[in-house]
Structures are given as C-alpha cells and as structure tokens.
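Student: I am new to this structure and would like to understand the terms used to describe it. May we examine the ligand site and the empty spaces in turn?

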Amino acid sequence: MSPGPMPQKGKFMFKQRLFTPGPTPVPEEVLLELARPMFHHRTNEYRKMLEQVTKDLQYVMGTTQDVFTITGSGSAAMEASVACVVAAGEKMISVRGGKFGERWSELGVAFGAKVVNLDIEWGLPVTAQQIADALKANPDTVAVYITQCETSTATVCDVEAIAKVVAQTPALLVVDGISSIGALPFKMDAWGVDIAVTGSQKALMLPAGLAFIACSAKAWKKISTTKGHAYYLDLKAYKKALTPPEWDNPYTPANLMVRAAMKALSMIKAEGIEKIWAETHKRAEAIRAAARALGLVVYSKAPSDSVTAILVPALAEGKTGDDLAKTMTKDYGVKPAGGQGKLKGKIIRFTTMGYTDSWDILAAVGALECSLAKSGYKVEFGAGVAAAMKVLAS
Ligand SMILES: *Cc1c(COP(=O)(O)O)cnc(C)c1O
C-alpha cells in the first residue's frame, strides 16, 4: 500500500495534534502560567484569583450560584454531587446510555443509594418523556443524574426540556457537563438545572486537575439537610470557604492550576461564550460532513458538537478502529480516541472542543483519509477535506 499523499513522520519535526475528548489542547499562554513562580494560597493574591475564576465560571455555566473549585478530575465533582445529596437508602435515577452514565450508577451504589437505572440504547439521547415516566414510576426519587454529552457515544441530550420535567417534582436534576460546559449551550439558571458539574481538561482549555460544581437553592436545601458521605468533598465546607469576602478553598488548592484557569477563562470570556458555541458547532458540522463525503457514518443519532464518533468501516485483514487510530497517531501525528466498552475498535472519536481551530480539523480529516487508505479502505483523496472546507468557509 502506498503511504498516501502526505509526508510521513519525520525523526525530529513531527507535530502532534491532540483530538482526544479530554485532555484537549491547551494554549501556550495558559501553559506558561504553570511555569511561573510558586506562591502561597492563603494570600490576597490567591483569593483575588479564585474570585475571578469563580465569576468567570458563573458566566460560562450561566449561573449566579457559587461555583466551587475542587482539586481533582471531573469525577471528583460527580462524586461530591452524589455523596452530599443522596443519603444511604434514598432513591436516585441514573441515566445509562454510555460509559459516563454508568459512572453515575456506580457512584450511587458506592454510597448505598437505591439506584434506578434508566437504560438508553447507546447512541440515542434520553428524552424528557422518558425522564417524566421514570419519575412517575418513582415519586420518591431525590435526584435524577444525567449526562449532557455522553462522551463515550458522542451523544447530546436536551437538558433544557429535561429540566422542565424535573422542576415539577421534588427531585433535583444533576447534570454531568464535563464534556459540554464551555462547548455546547448550557444555561444553568435559565434552564433550572439544580447541580452542574464540569472539569478542567475538556472544553475549558486546561490540563486535568480541577473539578467545578454549582448548586441551585433547591439543591442547597437538600444538601444542608442530608447526612452525606463526604469529608474532603463535603460541599458545605466549600461553601463556607468561598462565601465572600473569603474567596477561599477549604484545603490546599492546586493554586497554579487556579492561576492557569484564570488565564483560560479570561480568554473564553474575551471570545464570548456564544461565539465559542457557534464555532464549536461549525467544527463539528465540518467533521460530520467530511465523514459523509468519505462514505462513513456518524455513530450517534443525536451527535454532540463537542465530540464526534465515526463508525469504522470494513478495513483490510481484520484491522479495527484501534489500528486505524494508531496509524493516525504514529504516522500522521493526529491522536483521536477509540471506542470505550462495547464500542471498542468500532468507532473513532474526534474532539471539537476548546483550543481547536479550522486548520486542526482539516489536518484531522486529512490524516483520517491517509490512514483509511493505508488500512485498505477506498478513499478519494481530498473528498473529506473538501467537504469540511465548504462548511468551515461558510
Ligand atoms: C471525561 C468525562 C468524565 C470523567 O472526568 P474525569 O475528569 O476523567 O474524572 C465524566 N463525564 C464525562 C461526560 C466526561 O467526558
């Protein structure tokens, strides 16, 4: 098989392009913040930083509620939102339509909750009607746990419609927005979301290490009267520490990461969140158009704009999607993600979140074309790139 039209990996000059849906690329200006001198966190300097970060996160999440910054990956905020909300023996509904929905269920089990699993076929979004039916059948539910973008299947659900349903009941709506907040429209207060969680390494242009969580007044009522399971992740401690004029964390924060977050969030704010949503949508449309032009199929029936999953076509000699992803990475420097769980080897995923631009998209599609050709799939070179360019130039 010919190596394809593009130069292959050189020894010294080989540019790496990261397309995994977390971590995602981080701008140099943000990385440089991590290289600046260490400073102490019980200082006015730090409190000002955390105040700014908190306010900018409120802007990104669309809320006037406190947003707490936890040291940990996104799952730390997920854990806090179960451990502080659902007492042992209380009932929660967990929507399972992929790997991250499963995490909600596992957290519930870990803390002794009565978990009602709402299983959704992978690649389909949960609907407001399904949530309404589940709540009707389980009126004693204290919280409903959903995933705005199920990253493992690249599927988005209608959080606004679901929030309307949950708001009519005593239950709280908890949204995993780890791969969506900052990339897809999300309006916590306007939609009536009770708890929103996200993490630093997806749409927010940061390395992994910080988790963020915001809670509505309805959520606080539940949290303050619940015998929870948390110490380090006890949200009451975070609230006490943050309440102005404190602007503080209960334990030693990852202060360099907070400084980097201040930089990344200031860039997001300067760009404007609506503009970022629109640009992210366009990049996702471009990748989807490229896939179709190459005769490929987008996996999800409700594709997210923050990550795209493409079904891997029949390749030579039993090669799987993981082999295809490996070729893209090793020979062309483009690193997509493969599939998780039952989708392992069957899909490849490309992020369109955060610090990714139009030229990155064209590089990814070009590398996909070359790698498909190398793997025995018939490719008309340039068909995918042309389709992507048409979208990006529109
Ligand atoms: C990445 C991701 C997580 C897990 O976050 P960690 O930062 O790895 O703990 C949870 N939910 C979704 C939807 C994700 O994309």
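Tutor: Let us start with a definition: a polar contact is a pair of N or O atoms within 3.5 Å. Please keep in mind that this is a predicted model.

Student: What makes the pair formed by glutamine 201 and the ligand a polar contact?

Tutor: A polar side-chain atom of glutamine 201 is 2.7 Å from an oxygen atom of the ligand. The cut-off is 3.5 Å, so this pair counts as a polar contact. Lysine 202 also has a polar side-chain atom 2.7 Å from a ligand oxygen atom. In aspartate 176, a side-chain N or O atom lies 2.6 Å from a nitrogen atom of the ligand. The protein covers 89% of the 380 Å² of accessible area that the ligand has on its own.

Student: Which residues surround the ligand most closely, and which helix gives the most to the shell?

Tutor: The ligand is surrounded by 14 residues, the closest being Ser73, Ser75, Thr151, Asp176 and Lys202. Helix 3 gives the most, with three residues. Helix 3 (74-83) and helix 4 (99-110) each supply at least two residues of this shell. By class, the shell has four nonpolar, seven polar and three charged residues.

Student: How do you know that the largest pocket lies between domain 1 and domain 2?

Tutor: Domain 1 (17-25 + 273-393) and domain 2 (38-270) both give residues to the lining of the largest pocket, so the pocket lies between them. The lining has 15 residues, with Met205, Glu271, Arg283, Gly354 and Tyr355 nearest the centre of the pocket. Helix 11 gives the most to this lining, with four residues. The space in the largest pocket is about 360 Å³.

Student: Why is a space called a cavity and not a pocket?

Tutor: A cavity is a set of points where a 1.4 Å probe fits but cannot get out, whereas a pocket is an open set. The structure holds three cavities of 30 Å³ or more. The largest cavity has a volume of about 110 Å³. Of the 15 residues that line the largest cavity, Val95, Gly97, Val126, Thr147 and Glu150 are the closest to its centre.

Student: What makes the lining of the second largest cavity one with no charged residues?

Tutor: Only Asp, Glu, Lys and Arg count as charged. The residues lining the second largest cavity include Thr69, Ile70, Tyr232, Asn249 and Pro250. The whole lining divides into six nonpolar, four polar and no charged residues. Strand 2 (residues 67-71) gives the most to this lining, with three residues.

Definitions and conventions
Residues numbered from 1 in each chain as written. Predicted model: local features only at pLDDT ≥ 70, side-chain atom pairs only at ≥ 80, totals over all residues. Heavy atoms only, no water. Near = heavy atom within 4 Å. Polar contact = N/O pair within 3.5 Å; in protein donor to acceptor, adjacent residues only side chain to side chain. Areas by Shrake-Rupley, 256 points an atom, 1.4 Å probe, with all protein chains shown as cover. 1 Å grid on protein atoms, 1.4 Å probe; cavity = no way out; pocket = protein on both sides within 12 Å on 5 of 7 lines; lining within 4 Å. Points joined across faces, edges and corners; volume = space filled by probe spheres on them. Domains from an automatic or database assignment.
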